Amino acid sequence: MQQDKNQPAQRVVPDNGLQLRAAVLKYLSYWKWFLVSIVFFVFLGFLYLKTRVNIYENSVSVLLKDENTASEETLLLQDLGMKAGKNNIENEIAIFKSPDLASRVIISLELYTTYTKDGTWGVADMEMYGNAPLYVRWEDIDPETIPAPVTFIFTPDGQGFRAHGMYQGQPFEAQIKKLPVYLKLSMGRFYVSRGSNPDPEFSRTPYEFSASIINPASMARTLASALLVTPSSKQSSVLTLSIQSQNRQKGLDYLKQLIHFYNEDATNDKNMVAHNTAVFIDERIKEISVELGMVEKKVEDFRQAKQVTDIAVEAQLFLGQTGENEQKRVEVETQLNLIRFVEDFIRRESNSNKLIPNLGVSDAGLVTVINSYNQLLLQKERLESSSSESNPALIQMKGQVARMRQNIQASLTNVRRASEIALQELNRQNTVTNARIQNIPAVERQYKDILRQQEVKNNLFVFLLQKREETALTQAAVAPKAKIVSKPYTSDQPVSPNRPVILMVFFLIGSVLPVGSIFIRDLFHTRIEGINDLEQLQDIDVIGDIPVLRPIKGSALIVKENDDSPVVELFRTLRNNLLFMLNEPRKKVIMVTSTIPSEGKTLISINLARSLSLMEKSVLLIGGDIRNPKLSHDLGIERVVHGFSSLLAGMDKDYKSLIKEMYPNLHILQSGAVPPNPNELFSRLTLEQLFVRLRREYDYIVIDSAPVGVVSDSFMLNRISDLTLYIMREKLTQKDTVHFLNSIKRDGRLKNLAVVLNGSSLDGKYGNYKYGYKYSYRYGYSQHYGYKTVKQKV
């Protein structure tokens, strides 16, 4: 807000752009908080990263060979009639993630024993894999039966070590003077020796480290769930195996050994199938050999005993003749059935005018007669449709149809009889042929059965011999099921913790925390912080902004003659704004009030009255707060008993005798004694009568009244005032006062309201009143004016 002393006061109007700018400037004013917070939290981020263990990603890609191309014994099973499907990727993934497979890898690599170098100053513990100073093994126990975890802490002690730790809540301790050594402890016997590749740093500066032994099953479940197996695509049998580990080499060794055991299990499964197949084939060959020998001996004995020759040609001839006769018999029976069907059709009266069906009758003459009859019948129907029943041609045609129908019936009878005779002849021939076939010795059929058994046994024997050789070759050369496509590799940078992300999170926390702190502080800070907090005033002008003042000589009088200090200029601006509002000569009574005590209404009243008197105007300053008189105290003068209250009470009649001149043109009427009934005094007619006389004698009258938030005296004085100057103090007045003041304005309980913000700090922070003018030099508020303010630029 820029305010020229010759211009009227401007109402504070909310502006979204200004509010945003003010909010930004508000937070920027606390840039030191942000800087300290960001630096502090980024430093915490670095410390946090120091306490985190680096996790690396280890990966390997493998190709799973298809069963149909990688396994010869599978083809053998198919040849034997057994089913053998392709690889199921989901099943293979489940095998890779099997805890049992992971447990075998852990036991083979002895991963169930973890060596750790303890970190110092909060630094994360570092796992030692392959470079531990010592090697520890639990003797005389299967790793899978380890009952409970045990941890050894090895502390260098001269040329040896001191080993101590806890096992199931019980402490243990042992002294190691020479390596290797067997430690006999309460939980069992342990073998301790020097590591195969000890850390070179340990030889220079021995340090404390630990060795933890746990059951492989518990670690296997953890590693199996941590292993990530993903196919490269839906149609591909390439799998990518990845696992995260603190030690890169440990992760790579785990993946290599996992694939090794996977292939070993697959090879064992294949060899098991091949072995079982070979055993099955050998057993069957032995059985088939015995059965084949028995069948061949039976053939030999049968031919010698029955003197059987080759009768296959003769039997074939009889069988061929029988087939031809049977075919002819079927044809004759078919024709006979068709003829009977036609006869039955003609005999029915309902079919007398219907066409006779020709259903494959083989007799050509009969077919010709039936076709002629059908054509004649069609002609008769056309003639009937176009002529009457008495038409001679129609009568003649009906006779022809009837005669031809009788001829067809006779022909059908003849053809049927001929077919029956032919059928009887064919049956006779079949009887003769069958009799001849029956004369063939029954031994021929037995002989064929024996030969068939011999052929089956011989073919099966040859097949099994061939498959036995193929199975032997399959067992000799079994390829790994999982082929490594790309060598196992590990990430160059740790995947966890993600340093950029973590530092960014701590940076954001350091950035957001001050914002949140300031917001929460403002949320719970219910007092006015600056002029922007007065934006919600409705039709009430803010006409002044007075900075923080500190009394040093016991006097609240700051405005002096011929003083051009910034504070005095602020009061001049307030005075000019006030005069603009009092734009009529009859308006001269100014009531100064506030919400609660200590908001500076007395200070403003004194200096405003003094500023008005410097215009060579006669000014009267009245102590209107008769409950709590402060005027004499703030001016540093002696307090009097007779004053404003005694005039209202009628105890004193001559008001002029009670008014004292403090400066030229500035007179003071003190409050006087504190009455028991202030509110009743202000309600008397004496108040109006007194101010009628005072208005004649003075150009301006300033009343230092009581706070309206405590007592209602000021509302009683409202009827004689022309303008109410409402004082709010920064960091003291509650923000709810704005709504209280709006309600006062809305209800018209105080006339011509205007607001002055007291105690503001002019350091450019959010909510403070800024002035557009600058002086040609810097002002330091000196102490000889009676009040001292914070030294600042204006």
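**Exercise 1. Place proline 149.**
Task: Is proline 149 buried or exposed, and which residues does it touch?

Solution.
- Step 1. Proline 149 is exposed, with a relative accessible area of 52%. The cut-off for exposed is over 50%. The model is a predicted one.
- Step 2. Find its element. Proline 149 sits in the loop between strand 4 (134-138) and strand 5 (150-157).
- Step 3. List the contacts. Leaving out residues up to four places away in sequence, proline 149 touches Tyr167, Ile213 and Ile214.
- Step 4. Check a distance. Threonine 113 is 36 residues from proline 149 along the chain, and their C-alpha atoms are separated by 9.9 Å.

**Exercise 2. Trace salt bridges across the chain.**
Task: Which parts of the chain does the pair of glutamate 264 and arginine 104 link?

Solution.
- Step 1. Confirm the pair. The closest N and O atoms of glutamate 264 and arginine 104 are 3.0 Å apart. The cut-off is 4 Å, so the pair counts as a salt bridge.
- Step 2. Locate the partners. Glutamate 264 belongs to helix 9 (residues 248-306) and arginine 104 to helix 6 (residues 99-109). The two are 160 residues apart, and the pair links distant parts of the chain.
- Step 3. Check exposure. Glutamate 264 has a relative accessible area of 30% and is partly exposed. Arginine 104, at 29%, is partly exposed.

Task: Is lysine 117, which pairs with glutamate 201, buried or exposed?

Solution.
- Step 1. Confirm the pair. A salt bridge joins the side chains of lysine 117 and glutamate 201, at 3.4 Å from N to O.
- Step 2. Locate the partners. Lysine 117 is in strand 2 (residues 113-117), and glutamate 201 is in helix 7 (residues 200-204). They are 84 residues apart, and this pair links distant parts of the chain.
- Step 3. Check exposure. Lysine 117 is buried, with a relative accessible area of 17%. Glutamate 201 is partly exposed, at 35%.

**Exercise 3. Explain a pairing within a helix.**
Task: Why can arginine 428 and glutamate 425 be described as about one helical turn apart?

Solution.
- Step 1. Confirm the salt bridge. The closest N and O atoms of arginine 428 and glutamate 425 are 2.4 Å apart.
- Step 2. Use the spacing. Both residues lie in helix 12 (residues 392-438) and are 3 residues apart, so about one helical turn separates them.
- Step 3. Check exposure. Arginine 428 is partly exposed, at 47% relative accessibility. Glutamate 425 is partly exposed too, at 34%.
- Step 4. Widen the view. Elsewhere, shared partners join Arg104, Glu264 and Asp265 into one network of salt bridges. The count of salt bridges comes to 17.

**Exercise 4. Pack helix 22.**
Task: Which residues of helix 22 are buried, and what do they pack against?

Solution.
- Step 1. Take the helix, residues 737-747. Its buried residues are Thr737, Val738, Leu741, Asn742, Ser743 and Ile744.
- Step 2. Find the partners. The buried residues pack against helix 21 (713-717), strand 21 (723-729) and strand 22 (753-760).
- Step 3. Look just past the helix. There, glycine 748 takes a positive phi of about 70 degrees.

**Exercise 5. Describe a cavity.**
Task: Which residues line the second largest cavity?

Solution.
- Step 1. Count the cavities. The whole structure holds 2 cavities of 30 Å³ or more.
- Step 2. Size this one. The second largest cavity has about 40 Å³ of space.
- Step 3. Name the lining. It consists of Pro629, Leu631, Ser632, Arg639, Val640, Gln670, Ser671 and Gly672.
- Step 4. Sort by class. The lining has 3 nonpolar, 4 polar and 1 charged residues.

**Exercise 6. Spot unusual backbone.**
Task: Where are proline 180 and proline 497 found?

Solution.
- Step 1. Recall the background. Most residues other than glycine have a negative phi, and most peptide bonds are trans.
- Step 2. Take proline 180. A cis peptide bond joins leucine 179 to proline 180, with omega about -5 degrees. Proline 180 is in the loop between strand 7 (170-176) and strand 8 (181-185).
- Step 3. Take proline 497. The bond from serine 496 to proline 497 is cis, with omega near -5 degrees. Proline 497 is in the loop between strand 13 (482-490) and helix 14 (499-524).

Task: Are glutamine 168 and asparagine 562 buried or exposed?

Solution.
- Step 1. Read phi for glutamine 168. It is positive, about 50 degrees, although the residue is not a glycine.
- Step 2. Place glutamine 168. It lies in the loop between strand 6 (160-167) and strand 7, and is exposed at 57%.
- Step 3. Repeat for asparagine 562. Its phi is positive, about 60 degrees. Asparagine 562 lies in the loop between strand 15 (549-551) and helix 15 (566-581), and is exposed at 76%.

Technical notes
Residues are numbered from 1 along each chain as its sequence is written. This is a predicted model: local features need pLDDT of at least 70, side-chain atom pairs count only at pLDDT 80 or more; totals for chains, interfaces and linings use all residues. Side-chain values use heavy atoms; hydrogens and water are left out. Helices (H or I, at least four residues) and strands (E, at least two) are DSSP runs, numbered from the N terminus. Buried means under 20% relative accessible area, exposed over 50%, partly exposed in between (1.4 Å probe, protein chains only). Contact means heavy atoms within 4.5 Å. On a 1 Å grid over the protein atoms alone, a cavity is a set of points where a 1.4 Å probe fits but cannot get out, and a pocket is an open set with protein on both sides within 12 Å along at least five of seven lines; lining residues have an atom within 4 Å of a point. Grid points are joined across faces, edges and corners, and a volume is the space filled by probe spheres set on the points. Ala, Val, Leu, Ile, Met, Phe, Trp, Tyr, Cys and Pro count as nonpolar, Asp, Glu, Lys and Arg as charged, and the others, Gly among them, as polar.
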